[in-house]
Amino acid sequence: MNAIPRKSAQQHAKSVAEISATVRNYHDRGERFRIRHGSTNSTRQTATKGKHFVDTGSLSAILAVDTTRQTCVVEPNVPMDQLVKHTLAHHGLVPLVVMEFPGITVGGGFSGTSAESSSFRYGFFDRIIVSVDMVLANGDVVHCSEDENADLFHGAAGAMGTLGVVTLLEVQLKPARTYVQTSYHPVTSVADAVGTVRKLATDPSIDYLDGIIFSPKQGAIIAGRLSDTSSEDEPKRTFSKPNDPWFYLHVRDTIRNHPSDISTEAIPLAEYLFRYDRGAFWAARWAFDYFKTPFNSLTRRLFDGLMHTRILYKAQDATPLSASQYIAQDIGFPFPRAEEFINYANQAFGIWPLWLCPLKPTPHPTINPFPASGHNATELLLNVGLWGPAPTKRRDKFVGLNRDLEEKLTALGGGKALYAHTFYTEEEFWRIYDREWYDALRGKYGATSLPSVYDKVKGSIDANKSMRNRVLELRPLGGAYGVLKAIRYRYGSEYRQIRRDAPL
């Protein structure tokens, strides 16, 4: 991704016309195609079969910011750090929901599933989208909003590009502040953690809310309030520099030093928004374990250049390890069932830390995680982020563990983000999601020539069967190959351009 280019409305229209003509050509020939946009933050091994693609990589510009309506009009491949940099520096505004990994794009946030620490107020990222433009599978260009093609507008959110090609989005903004006054609330049990999140979510003064559980007996719930001031004796923290701590380690140390007190510090807004970038929450910790490398401040500083999410995803995408040896699940539950799931996850996987993120659910029908029938759809869900090494290296047992997890979340009324490992059979998948609604949308808007949502997620079941992937599963071949790919990207021209143009 290069720097945000200058592009007029006429230039954008020309780009869309080219995409429309390509799509129409495939449609007229009866050929299926996939969308290639140049980046991914999925942990699934994506299917790459087929030779027909529509390239949307050039759609990477911010076209306009309306300070009166507090919205911005952007193309889908604008990443979050460049969007925040532009709206913050030039207009004093910030999106209502900002994905915590800076390389996630606006289009990816809409077409995928993205819930972050302000989602208890606003919902998934797609809920802050005012309108989208799409190229349908027959090449037609349509505008979608609450008032125009509303069924497609809602259905395309979280549908992974399976209803059309998104070419433009209007994003809601709000006034920015200098700092996020960040408070760390120690908790001493899973029940305490779940209860504290639920209580703090009712506090109207809180703008951001998430939590980290380090063990069954230790965790912190983190509340953020936007502010333009901070006291002189209040610590001011940053997390983007090589000598800064990884955020989750800073939280752990804070509650260890203040196990009974609520600690507060001021974090500059952009630093807060992307606080989990270094270390990818804590997922990069497992890279040190994989290579049997000490994990301390010195080694983190030594390898800091490879510890940012854009680079880590390049390493992940190069090998099958994340799809066969590491658990990656984000699952939303009704609050009363979250503790039961966390206790189950501890027994089945033994993975810690866990991430907690309360979120406002999307009304059904939707492809986004939604509450089970019988749950009050206006009540918050609690997302549990379960990320870490699987307790087995055998592929059959790995699939079995994930399938057991999917059965458990269904029994508890939960719903999962489909960016992650998905092992449902097609019949199981459509028992969860509303196939009649989804197929009706695909039929109405002529999207049956595009892969379905299930087509895009089912590859996880068949992953890693090639000889190449079997070789790359061997330690340390797969990891070494991923590191080489990451180094090549880190010191290549594309990443150098990003560092020049998108630092915050």
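The following paragraphs lead through a predicted model of a single chain, from its overall form to one helix, one loop residue and one histidine.

The chain holds 20 helices and 16 strands, and its C-alpha atoms occupy a box of roughly 65 × 55 × 50 Å when this is taken along the principal axes. A compact globule of 504 residues would be expected to have a radius of gyration near 23 Å, and the 22 Å found for the chain agrees with that figure. Of these 504 residues, 56% count as buried. Among the contacts in the chain with a separation of 6 or more, 76% are made by residues 24 or more positions apart. As for the surface, the chain exposes about 21,100 Å², of which carbon and sulfur atoms supply 51%. The charged side chains comprise 59 positive and 53 negative ones, and the centres of these two sets lie 7 Å apart.

Helix α15, which spans residues 435-444, shows how burial can be arranged around a helix axis. Here Trp-437, Tyr-438, Leu-441 and Arg-442 are buried. Because these four cover an arc of only 130° around the axis, they are placed on the same side of α15. Glu-436 and Lys-444, by contrast, are exposed on the other side of the helix. The partners of the buried residues of α15 are α5 (150-156), α14 (426-432) and α16, against which they pack.

Two of these buried residues lead on to the loop between α15 and α16 (453-457), where Ser-452 has its place. Is Ser-452 buried or exposed? Its relative accessible area is 10%, and since buried means under 20%, Ser-452 counts as buried. Once its neighbours within four places in sequence are left aside, Ser-452 is in contact with Tyr-438 and Arg-442, as well as with Thr-162. Both Tyr-438 and Arg-442 belong to the buried set of α15 described above.

A further residue to consider is His-86, which lies in helix α2, residues 80-91. With a relative accessibility of 25%, His-86 counts as partly exposed, because this value falls between the 20% limit for buried and the 50% limit for exposed. Which residues does His-86 contact, leaving aside its neighbours within four places in sequence? They are Ile-62, Val-65 and His-91. Val-54 can serve as a reference point for distance: His-86 and Val-54 are 32 residues apart in sequence, and their C-alpha atoms are 28 Å apart in space.

Technical notes: Residues numbered from 1 in each chain as written. Predicted model: local features only at pLDDT ≥ 70, side-chain atom pairs only at ≥ 80, totals over all residues. Heavy atoms only, no water. Helix = DSSP H or I, 4+ residues; strand = E, 2+ residues; numbered from the N terminus. Rg over C-alpha atoms; globule rule 2.2 N^0.38 Å. Buried < 20%, exposed > 50% of the residue type's maximum accessible area, 1.4 Å probe, protein only. Contact = heavy atoms within 4.5 Å. Areas by Shrake-Rupley, 256 points an atom, 1.4 Å probe, with all protein chains shown as cover. Lys, Arg positive; Asp, Glu negative; His and termini not counted. Charge placed at Lys NZ, Arg CZ, Asp CG, Glu CD. Arc of directions from axis to C-beta.
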